Amino acid sequence: MAPEENPGTELLLQSFERRFLAARALRSFPWQSLEAKLRDSSDSELLQDILQKHEAVHTEPLDELYEALAETLTAKESTQGHRSYLLPSGDSVTLSESTAIISHGTTGLVTWDAALYLAEWAIENPAAFTHRTVLELGSGAGLTGLAICKMCRPRAYIFSDCHSRVLEQLRGNVLLNGLSLEAEITANLDSPRVTVAQLDWDVATVHQLSAFQPDVVIAADVLYCPEAIVSLVGVLRRLAACREHQRAPEVYVAFTVRNPETCQLFTTELGRAGIRWEVEPRHDQKLFPYEEHLEMAMLNLTL
């Protein structure tokens, strides 16, 4: 049986392809599943299919991928790399990211797992973003926002962060994915208005936040320390104050549950600020390669 006629084999091929393009660690590849398949004589050509699969689908970018890989391998101390994340539409999000978890004094130059989880939820729930203005807090490398811009048709999308190096990388990633920044002239009227804004949660004023006029506010993997949690809740309180006579924006915060005490602190601070919350049901869509054992969660907040 040809691999494309076997759903299990096709999923395995996709798993290898997604992890390869996203430059995931080799230990994360489904080697045990591959070994089991290779023991099956009906899948004797599976290994060749894994190596050749992307040539049939991504003919033009193949040479560029190999050239980028060669440059990465020959570089003595490369601090940046490229990762690609495949979308259900057949399109992809390609990001320039740091090769180190902490670089230039920030963790915002890499894509964290909750950003992938939130992007999957958005793709499964496009109505939450279609024809709406979205403000993302702590956008990092930009994966979630770029996936939403390509799959959910927002009216406008505002990436934001406070670190200058993150903002520089964000602007580059927006352009890398064929989107134009709002200040630039674009002939594609179907694309959302995209801006990259510097936003420091501790000093942002109600007046500054009111200029964004978001319908939806999102954030992913920003609950990494008590100080960040207090700052996040503070900026959410000011966002609520922006629309005294209008409907407050919907807010979704996704995070990886690493420390239950951190999660408890977040909900406690929300309660003190008078912000109601409820847990968003887990989505079924697994599009992106992140660690299976991680516990993901997402809260829907009412400002």
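## Secondary structure and overall burial

The protein has 10 helices and 9 strands, as seen in a model that is predicted. Of its 303 residues, 48% are buried, and the accessible surface of the protein comes to about 15,900 Å², with carbon and sulfur atoms holding 51% of that area. Among the contacts in the protein with a separation of 6 or more, 69% are between residues 24 or more positions apart.

## Helix H5

Helix H5 covers residues 113–124, and its 12 residues should span 16 Å at 1.5 Å a residue, which agrees with the 17 Å between its end C-alpha atoms. The helix is mostly covered, since 11 of its 12 residues are buried. The buried positions run from Asp113, Ala114, Ala115 and Leu116 through Tyr117, Leu118, Ala119 and Glu120 to Trp121, Ala122 and Ile123.

## Aromatic pairs

The structure holds 4 aromatic pairs. One of them is formed by Tyr85 and Phe288, whose arrangement is edge-to-face, with 6.1 Å from centre to centre and 85 degrees between the planes. This pair links distant parts of the chain, given that Tyr85 lies in strand E1 (residues 80–86) and Phe288 in the loop between strand E8 (276–279) and strand E9 (296–302), 203 residues apart. Tyr85 and Phe288 are both buried.

The rings of Trp121 and Tyr252 have centres 4.7 Å apart and planes at 40 degrees, and the pair is therefore tilted, because that angle is neither under 30 degrees, as stacking would need, nor over 60, as an edge-to-face arrangement would need. Here too distant parts of the chain are linked, with Trp121 in helix H5 and Tyr252 in strand E7 (residues 250–256), 131 residues apart. Both Trp121 and Tyr252 are buried, and together with Phe129 they form one aromatic cluster.

## Salt bridges

The structure holds 7 salt bridges. In one of them the side chains of Glu97 and Arg83 meet, at 3.8 Å from N to O, and this pair links distant parts of the chain, with Glu97 in strand E2 (residues 92–98) and Arg83 in strand E1, 14 residues apart. The two partners fall into separate accessibility classes: Glu97 counts as buried because its relative accessibility of 2% is under the 20% limit, whereas Arg83, at 23%, counts as partly exposed because its value lies between 20% and 50%. Strand E1 thus holds both Arg83 of this salt bridge and Tyr85 of the edge-to-face aromatic pair.

In helix H10 (residues 260–272), Glu269 and Arg272 lie 3 residues apart, about one turn of the helix. An α-helix has 3.6 residues a turn, so residues three or four places apart point the same way. Glu269 and Arg272 form a salt bridge in which the closest N and O atoms are 2.9 Å apart. Glu269 is buried, with a relative accessible area of 14%, whereas Arg272 is exposed, with a relative accessible area of 65%. Elsewhere, salt bridges that share partners join Arg132, Arg247 and Glu250 into one network. Within this network, the salt bridge of Arg247 with Glu250 has its closest N and O atoms 3.7 Å apart. Arg247 is exposed because its relative accessibility of 62% is over 50%, while Glu250, at 19%, still counts as buried because the value is under 20%.

## Cysteines

A disulfide is a covalent bond between the sulfur atoms of two cysteines. With a cut-off of 2.5 Å between cysteine sulfur atoms, the count in this structure comes to 0 disulfides. Cys149 is in no disulfide, and its nearest cysteine sulfur, that of Cys152, is 8.9 Å away, which means that this pair does not come within the 2.5 Å limit. Cys149 is buried, with a relative accessible area of 8%. Cys242 likewise counts as buried, with a relative accessibility of 18%, because this value is under the 20% limit.

Key: Residues numbered from 1 in each chain as written. Predicted model: local features only at pLDDT ≥ 70, side-chain atom pairs only at ≥ 80, totals over all residues. Heavy atoms only, no water. Buried < 20%, exposed > 50% of the residue type's maximum accessible area, 1.4 Å probe, protein only. Helix = DSSP H or I, 4+ residues; strand = E, 2+ residues; numbered from the N terminus. Expected span 1.5 Å × (residues − 1). Contact = heavy atoms within 4.5 Å. Areas by Shrake-Rupley, 256 points an atom, 1.4 Å probe, with all protein chains shown as cover. Phe/Tyr/Trp six-rings, centres within 6.5 Å; stacked < 30°, edge-to-face > 60°. Salt bridge = Lys/Arg side-chain N within 4 Å of Asp/Glu carboxyl O.
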